[in-house]
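Reader: I would like to go through the labels attached to this model and hear what each of them rests on. Please set the value against the criterion each time.

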Amino acid sequence: MKRASDAQALQEIQKDAKKAWLELLQGEHPLICTGLSTCGISAKASECQLGIESELADRGIAFRSMKVGCLGLCYAEPLIYIKMPNRPLVCYGHLHLHNIASLVDAVFDNNNINNNLTLGAIDLPEIKVLPVPGLLSLWEHPMIKPQVRIALRNCGLIDPEDIRHYIAQGGYASLAKALAMKPEGVIEEVKISGLRGRGGAGFPTGTKWEFCRRAPGKEKYLICNADEGDPGAFMDRSILEGDPHAVLEGMLIAAYAIGCHQGYIYCRAEYPLALKRLDIALQEARELGLLGEDILGSGMSFDISIKEGAGAFVCGEETALMASLEGRRGMPRTRPPFPANSGLWGKPTNINNVETLANLAQIIDRGGKWYSSFGVGRSRGTKTLSLAGAVRRPGLIEVPMGMTLQQIIFEIGGGVPGDKACKGVLTGGPSGGCIPYFSLDVPVDYESLTEKGSIMGSGSMIIIDEDICIVDLAKFFLTFTQRESCGKCTPCRIGTRQMLAILEKISEGQAVIGDIARLEGLANAVKNGSLCGLGGTAPNPVLTALRYFREEFEEHILNKICPSLVCKNLVAYTIDPERCKGCGLCKESCPAGAILGEKKAVHAINAVACIKCGVCMAVCPEKFKAVAKEVARCA
Amino acid sequence: MNQAAVTIMGLEIGIEERVRQLLECLPEKDGALIPILQRVQYDQGFISPEAVKAVAEELDVSESIVYGVATFYAEFKLVRPGKHHLKVCLGTSCYLRGGQSLLDHFSRKLGIRPGKTTEDGKFSLETVACLGCCSRSPAMAVDNVIYGGVSSDQTDSILAGLD
């Protein structure tokens, strides 16, 4: 391909890319697109794609195939879109190795593109075909309709490993536009947009850039924080796997505005596919001259290197991240000096999160005012949210700030599966907290979530149902933060350990009522006394649990009962002699040898030997259902 | 097995020599400690005491600095792992949807605790903070291939598929 030596040359390249894109969508052979992100691959998307392709090869049908990222409808994965000549591009979901043959039969043999696996038609302006009666647009799907996709604009629609696809959607035109502006003008536009850091802290992006631009020094660094450590969040992974160039273009715009010549992407090693696609994207951008010297003839030079994280949650904190980039233990330090003045190698440094960067090209293209037309109060624009846990439609969405949790969980997520009731939602991961079912009318914006004792964080939403024990959950989060505490400051190192010890006592039914006050006291000390955000927010899950579900803690302490039957020390497994038919399955599977009874005679569990693993309950045949889990007051 | 050497494409190379080679291939020498340890681990499967020594010498830092970094990050292993790595995800979503009982199940099947390797050196069992596959929980990685929606009764077939 030609090099984009200036804005004019980029336009030429875009013209060619658009032509190729149209040919792809309007060509005479069928087009098969497979959603190949980590989530899709884990659902066996590659196997399904191969299955369809071999069915087509058997029939002698010529076709073209293409990989795309994740559309966000993870609940229906694997997803494959098929475009027959002169027909709409149709998205099919819930595929398996055993239903792809029937899909091929329907679509290719019987011309039935709207069948039981159809999720909807992907309406793109380039596809000009007659509508198919009864075939709904995918944009009308309940999970997609309420969304405004800005950071996720291309995810699931283009091949992330082909820069021409990104350019065909207008990619890198915003860079050209920014380069024609003054750096101060770019910063002003970002300030007008009201964009705030999407990694969790929510600091205004434009202001952050301004600090770094004004900092004295010629050498400045730009870092993209892709160390998505919050367990439960996967938006950064999805963006990097589905549209890496959106992040690179954002970095280029930021680098121009601030005056940086070197950028780093700090990406966690647990995301091998994101790392691979970033690497490809960087090579492609370099080949086109979009990275390197004299970018688009503007005189600006900028390049990016990838740094692989090595598995430490605390490295999401910016000073710890920089320590890690310098090859040291990832421990945070006090601020000031702020990274804008003294960051990586002591030079002025600006750090932005993946999602923040992915929004920038659109802000420059359509204006800060347009971006700020979405959202509420001081939270402008949109936020990507990952839905997981007890929800019918887990996946990744992007909605305007200010949408209520109620709308997100029930309208978009489809509510809680089974006949369970929603108990609440965890926002912000281990730094956030649990918002209870009676407060789901809270709008999702930085301020409202903080008011409820939680945080926006990176935007993970884990929905919990009534089967979840809040004490166990608080213990889970503290186990995580205690393990990930770097150990530098005392409140976090020792405080989280002591909090965890109290929570363990409570879950074992060994606590006394004064322990709640001790736990609260410690939580506040850790919150106020810790050096960095990890310790400063680690008590949030415990504090919100105590604020909204205090009676559940009291049940564990006063009555020694776990109402949700989760805490192992407070439950017992028993065999109902009326229902047991003596099949012996439980006895065979019991790893502790705790089940007694002869074949065809009623079995019984030796409570002393029982390790409460629940295997007996899982293997007991559905028709007998003889094993029960019940409340056991511990001695 | 010789811990002071690695085998690269059938050739045995002394660890000091290999560390020098790896360092030459790094685009940037600043902050090289973590990338070099990642590459050593890629070659050896873990970071041997001999490798710690060689890296310290090449980068002209003390062994304690190298050891400090190697023990700080979850990715680095200081003992030789099994032939197959099983990583059970214990992210929030996976934990709430059965990740812990999946882990317990593997632990019982293999007779080892998380973080350990079976005596025959065939399997290592580990937990991972999050695979980013929360929408398909519980998830796990088997030799870096990610499986979603894994149930305890699939453990046998997963183990049987690994020789």
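Author: A starting point is helix H21 (residues 540-548) of chain A: seven of its nine residues are buried, so the helix is largely enclosed by the rest of the structure. Note that this is a predicted model.

Reader: Which residues of H21(A) are the buried ones, and what covers them?

Author: The buried residues are A:Asn540, A:Pro541, A:Val542, A:Thr544, A:Ala545, A:Leu546 and A:Tyr548. Their cover includes strand S15 (433-436) and the helices H17 (470-484), H18 (490-507), H19 (514-529), H20 (533-537) and H22 (550-559) of chain A.

Reader: What makes A:Leu89 count as buried or exposed?

Author: The label "buried" needs 20 or more other C-beta atoms within 10 Å. A:Leu89 has 21 within 10 Å, so it is buried. A:Leu89 lies in strand S4 (residues 89-92) of chain A. Leaving aside neighbours within four places in sequence, its contacts are A:Tyr81, A:Lys83, A:Ala121, A:Ile122, A:Leu124 and A:Ile127.

Reader: Why is A:Asn111 placed in its burial class, and what is said of its phi?

Author: A residue is exposed if it has 12 or fewer such neighbours. A:Asn111 has 9 C-beta neighbours inside 10 Å, and therefore counts as exposed. Its phi is positive, about 55°, although A:Asn111 is not a glycine. A:Asn111 is found in the loop between helix H4 (100-109) and strand S5 (118-121) of chain A.

Reader: And B:Asn144, buried or exposed?

Author: B:Asn144 has 9 other C-beta atoms within 10 Å, so it is exposed. B:Asn144 is not a glycine, yet has a positive phi of about 70°. Its place is in the loop between strand S5 (140-142) and S6 of chain B.

Reader: How do you know whether the radius of gyration of chain A agrees with that of a compact globule?

Author: For 635 residues the globule rule gives a value near 26 Å; chain A has 27 Å, which agrees. The C-alpha atoms fill a box of roughly 80 × 70 × 40 Å along the principal axes. Buried residues make up 55% of chain A. Among contacts in chain A with a separation of 6 or more, 72% join residues 24 or more positions apart.

Reader: What makes S8-S7-S6-S9 of chain A an open sheet, and which are the edge strands?

Author: The four strands form an open sheet in that order, with parallel pairing. Strand S8 (303-308) and strand S9 (349-353) are the edges, since each pairs on one side only. Neighbouring strands are turned by 20° against each other on average, direction ignored.

Reader: How do you know that strand S6 (residues 221-226) and S9 of chain A pair?

Author: Pairing requires at least two bridges. S6(A) and S9(A) have five, in the parallel sense, so the criterion is met. A:Tyr221 stands opposite A:Thr349 in S9(A). Helix H11 (residues 272-287) packs on this sheet, touching strand S7 (262-267) and S8 of chain A, and its direction makes about 165° with that of S8(A).

Reader: What sense of pairing joins strand S1 (residues 5-8) and strand S2 (residues 11-14) of chain B?

Author: S1(B) and S2(B) pair in the antiparallel sense over four bridges. B:Ile8 stands opposite B:Leu11 in S2(B). The two strands form a hairpin with two residues between them, and B:Met9 in the turn has a positive phi of about 50°.

Reader: What is the omega of the peptide bonds leading to A:Pro78 and A:Pro336?

Author: Omega is near 0° for the bond from A:Glu77 to A:Pro78, which is cis. The bond from A:Arg335 to A:Pro336 is cis too, with omega near 0°. A:Pro78 is found in the loop between strand S2 (64-68) and strand S3 (80-83) of chain A. A:Pro336 is found in the loop between helix H12 (318-325) and S9 of chain A.

Reader: How many residues are in contact between chain A and chain B?

Author: 39 residues of chain B are in contact with 46 residues of chain A. On the side of chain B that touches chain A, the largest share, seven residues, comes from H5(B). By class, that side has 20 nonpolar, 13 polar and six charged residues.

How values were computed: Residues numbered from 1 in each chain as written. Chains lettered and ligands numbered in written order. Predicted model: local features only at pLDDT ≥ 70, side-chain atom pairs only at ≥ 80, totals over all residues. Rg over C-alpha atoms; globule rule 2.2 N^0.38 Å. Contact = placed C-beta atoms within 7 Å. Nonpolar A, V, L, I, M, F, W, Y, C, P; charged D, E, K, R; others polar. Axes fitted to C-alpha atoms, helices over the stretch in contact; angles between N-to-C directions.
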